[in-house]
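This report looks at one residue and its surroundings, and then turns to pairs of charged side chains. Please keep the sequence and the model in view while reading.

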Amino acid sequence: MEEFIPVCEPSLLGNEKKYVLDALESGWISSAGKYVSEFESQFAKFCGVEYGVGVCNGTVAIHLALVALGIGKGDEVIIPNFTMIATAFAVCYTGATPVFVDADPNTWNIDVNKIEEKITKKTKAILPVHIMGLTCNMDEINKIASAYNLSVIEDAAEAHGATFKGKKAGSLGDIATFSFFANKNLTTGEGGMVVTENKEIASKLKYYKNLCFPLEGAREYKHDDIGFNYRISNLHSAIGLAQLEKAEEYTNSRIKNFNLYLQYLNGLEGIFTQIWDNSTYKHVHWMNAFYIDPKIFGRNRDELMERLRENGIDSRKLFTGMHAQKSLQKYGCTTDLAFPSTINLSENGFYLPSSSHLKEIQIEKVCDIIKRAKKV
């Protein structure tokens, strides 16, 4: 029977079982316990900031960050058009309106040259997403934000350990959010984190994530504001702490695996990936993502994915643009604009097996099938 290569599996090669069993034996399995505070503290340190606030997933991390910054109904938040829909939905949860900017055709991140034209009197924040583990051009984004007095929220769900000019994702704006879903470079199964250097913002994050219980004093079940039950559990945090201990190993593995894809696909015409400057950016390759030009490659994306599937290789399409989402059209977002880079990526883009523990022989097999699938 032919080997099946999944698109991404978690690497659980450290102290996950040990820490989870310890949490179970201690009886602390919910939102209190030593692993929650330790994971928050160590992850913030990993990002190069002072405060980390654990939450139950990456989507609510974005929502909580927006709430802590006071963003709500009548406000606008600029986001990339090419992103996972959680970014847009989190803005909608606040009552604010997401405003879309097309992708840069080289980096696939938000096109910084098109941000300023989308700013209005209602704009309150820019929410860049570090696509596939490549940080955005944060110098330009912060410069624009400063000129218009806007907050900057990094959606770093895909970018654990990525850097821009030597600074870690999570330390590049006012506040940043992460996901620890099973396919992320670091995982807790389900979970998320909001990080910041700002003590006041951190206090708001802790307040709102726990149903607006007072942060100090006796619990009297009196609530001055509407809050959320966004807590992370001690069990999930135990997994997260074990993952964090191996962060460098997993990061290096993802980078190595991507470079192997490039090596084995070298010279193959019609297939493309993100373009970036290694002296400025450290790309951590959440997923090994590519797009094809069907006219050059000889097959379209869907035909290639089917050929991979027939050979036991899992793959996924890239994100559908926000402008094409019926849910956001119903919400009232402006979607009738031109987004050529997003459309190209959505129609022709895909990602290949990306587990940190992927073997070179598996990558070689994937690339061999892609090369044999090309029509000459």
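## Basis of the report

In which segment does Val7 lie? Val7 is found in the segment before helix 1, which spans 16-26; helices here are DSSP runs of H or I with at least four residues, and they are numbered from the N terminus.

The model is predicted, and for that reason local features need pLDDT of at least 70 and side-chain atom pairs count only at pLDDT 80 or more, while totals for chains, interfaces and linings use all residues. Residues are numbered from 1 along each chain as its sequence is written, and side-chain values use heavy atoms, with hydrogens and water left out.

## The surroundings of Val7

Val7 has a relative accessibility of 8% and therefore counts as buried, given that buried means under 20% relative accessible area, exposed over 50%, and partly exposed in between, with a 1.4 Å probe and protein chains only. Once its neighbours within four places in sequence are set aside, Val7 is in contact (heavy atoms within 4.5 Å) with Asp314, Ser315 and Arg316, and also with Tyr351, Leu352, Pro353, Ser354 and Ser355.

Asn183 is 176 residues away from Val7 along the chain, and the C-alpha atoms of these two residues are separated by 8.9 Å.

## Salt bridges between and within helices

Side chains of opposite charge can pair when their charged atoms come close. The structure holds 13 salt bridges, each defined as a side-chain nitrogen of Lys or Arg within 4 Å of a carboxyl oxygen of Asp or Glu. One of them joins Lys34 to Asp22, with 3.1 Å between the closest N and O atoms. This pair links distant parts of the chain, since Lys34 is in helix 2 (residues 34-47) and Asp22 in helix 1, 12 residues apart. Lys34 counts as exposed because its relative accessibility is 53%, whereas Asp22, with a relative accessible area of 26%, is partly exposed.

Glu200 and Lys204 form another salt bridge, in which the closest N and O atoms are 3.9 Å apart. Both residues belong to helix 6 (residues 199-209), where they are 4 residues apart, about one turn of the helix. Glu200 is exposed at 54% relative accessibility, and Lys204 is partly exposed at 34%.

## A further pair and a network

The side chains of Glu220 and Lys222 also meet in a salt bridge, at 3.9 Å from N to O. Glu220 counts as exposed at 54% relative accessibility, and Lys222 counts as exposed at 58%. Elsewhere, Arg301, Asp302 and Lys317 are joined into one network by salt bridges that share partners.

Conventions
Helices (H or I, at least four residues) and strands (E, at least two) are DSSP runs, numbered from the N terminus.
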